[in-house]
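Me: I would like a close look at one salt bridge in this protein and at what surrounds it. Please go through it step by step, and finish with how far the model can be trusted.

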Amino acid sequence: MARPRMTCPRTHPPLRPCRAGGTDGERRWVGSLSLYQVWARDNASREWRVAPQLKYRPVPALTVSLAAGREHLENRRQFVPGTDAAGKPAYLVSTLNSDTLTFTARAQWFIRPELSVQYYGSPFGSTGTYARFERVVSPRAAEYDARGHALGPPSIAGARYGFDENGDGAADLFASRPDFSFGQFRSNLVLRWEFRPGSNLYVVWAQERSDWRGAPVNAGAALGRLTSAPATNVLLVKCSYWFAR
């Protein structure tokens, strides 16, 4: 019996030659870009994000991908815990402006079918500043603007904010300064060896770095400080053995 011929569907431009099982959709370079923007009701918050990604596959056994992301968030309803002059809880909200910058790198290399190396690394930096504070007095009000009243600019004493609510020149509401900048890096390197069918040896090296500061900086600076942050390293070895006749 004659062997059936493989044919490709007609497309413009034509596809690469077919292989058994279907067309070959793999490409050496693959890129993508995602964008989104969101607004909340009553203009309470808005957010946008840009995330490009690029994948490179020079040979079938090696794949490398790089992804990045930039995100901005403005939230008028960010809760800030506070106290009054008597030390009783006071409920405050503020407008939080936050910027986050992320990168992710992945690589997978099959040295042989039974031996492979995988890498994952992802640093990110985030910074946030708080402004336009309000005290919540009617949390169940139908209109957002009726739920609280605005407070004047705070007086700053170290890491503490003071607000003069009644206008007598003395602070009568207090809150810890909530501004922040944070950076973190996580990575792992995995060696996998299938030394016999169903039996595997894994060697994993994981590293983590973190940096938290109360004073805000830009997201890029939060990323840059990770190079001098102390690292936590973990080495793991795992072996699984398949008992079979």
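Which residue forms a salt bridge with R132, and how far apart are the closest N and O atoms?

Reply: The partner of R132 is E74, and the closest N and O atoms of the pair are 3.9 Å apart. R132 belongs to strand β5 and E74 to strand β3 (residues 62-84), so the bridge ties together parts that are 58 residues apart in sequence. This is a predicted model, and the distance should be read with that in mind. The cut-off for a salt bridge is 4 Å between a side-chain nitrogen of Lys or Arg and a carboxyl oxygen of Asp or Glu; at 3.9 Å, the R132 and E74 pair is counted.

The two partners differ in how much surface they show. R132 has a relative accessibility of 54% and therefore counts as exposed, since the limit for that class is over 50%. E74, at 17%, counts as buried, because buried means under 20%.

Strand β5 also supplies the arginine of another bridge. The side chains of E165 and R135 meet with an N to O distance of 2.8 Å. R135 is in strand β5 while E165 sits in the loop between β8 and β9, so this pair links parts 30 residues apart in sequence. E165 is partly exposed, with a relative accessible area of 30%.

A further bridge joins R177 and D179, with the closest N and O atoms 3.3 Å apart. R177 is partly exposed at 35% relative accessibility, whereas D179 counts as buried at 7%. As for shared partners, salt bridges join R46, E74 and R132 into one network. The total by this rule is eleven salt bridges.

R177 also leads to strand β8, where R160 is placed. R160 and R177 are 17 residues apart in sequence, but their C-alpha atoms are 5.1 Å apart in space. Leaving out residues up to four places away in sequence, R160 touches S155, F174, A175, S176 and R177. R160 is partly exposed, with a relative accessible area of 44%. Y161, with neighbours up to four places away again set aside, touches ten residues by name: F133, P154, S155, I156, L173, F174, A175, R177, P178 and D179. Both partners of the R177 and D179 bridge are thus on the contact list of Y161.

Y161 is also one of the twelve residues of the largest nonpolar core, the others being V80, A90, L92, L96, Y130, F133, L151, F163, L173, A175 and F180. Two or more residues of this core come from each of β4 (89-112), β5 (115-136), β8 (160-163) and β9 (173-176). The largest share, three residues, is from β4. In soluble globular proteins, nonpolar side chains tend to be buried together.

Not every nonpolar side chain is in that core. On the surface, Y119, L189, W205, L235 and V237 form a nonpolar patch with about 490 Å² of accessible area together. W205 is in strand β11 (residues 199-213) and is partly exposed, at 38% relative accessibility. Two members of this patch, Y119 and W205, are in contact with S187, whose list beyond four places in sequence also includes Y120, G121, A206 and Q207. S187 lies in strand β10 (residues 180-196) and counts as buried at 9% relative accessibility.

Now for the whole protein. There are one helix and twelve strands, and from the N terminus the order is β-β-β-β-β-β-β-β-β-β-β-α-β. Of the 245 residues, 26% are buried. The accessible surface is about 16500 Å², and carbon and sulfur atoms account for 57% of that area. Among contacts between residues at least 6 apart in sequence, 55% join residues at least 24 apart; the R132 and E74 bridge, at 58 residues apart, also exceeds that limit.

On confidence, the mean pLDDT is 85, and 89% of the residues reach 70 or more. Confidence is lowest in strand β7 (residues 155-157), with a mean of 84, and highest in strand β12 (residues 231-240), at 96. Over residues 1-25 the pLDDT is below 50, and this stretch has 15 contacts beyond near neighbours in sequence in the model.

Technical notes
Residues numbered from 1 in each chain as written. Predicted model: local features only at pLDDT ≥ 70, side-chain atom pairs only at ≥ 80, totals over all residues. Heavy atoms only, no water. Patch = residues over 30% accessible without salt bridge, like charges linked within 9 Å, V, L, I, M, F, W, Y side chains within 5 Å. Areas by Shrake-Rupley, 256 points an atom, 1.4 Å probe, with all protein chains shown as cover. Helix = DSSP H or I, 4+ residues; strand = E, 2+ residues; numbered from the N terminus. Buried < 20%, exposed > 50% of the residue type's maximum accessible area, 1.4 Å probe, protein only. Contact = heavy atoms within 4.5 Å. Core = buried A, V, L, I, M, F, W, Y, C linked by side-chain atoms within 4.5 Å. pLDDT = per-residue confidence, 0-100.
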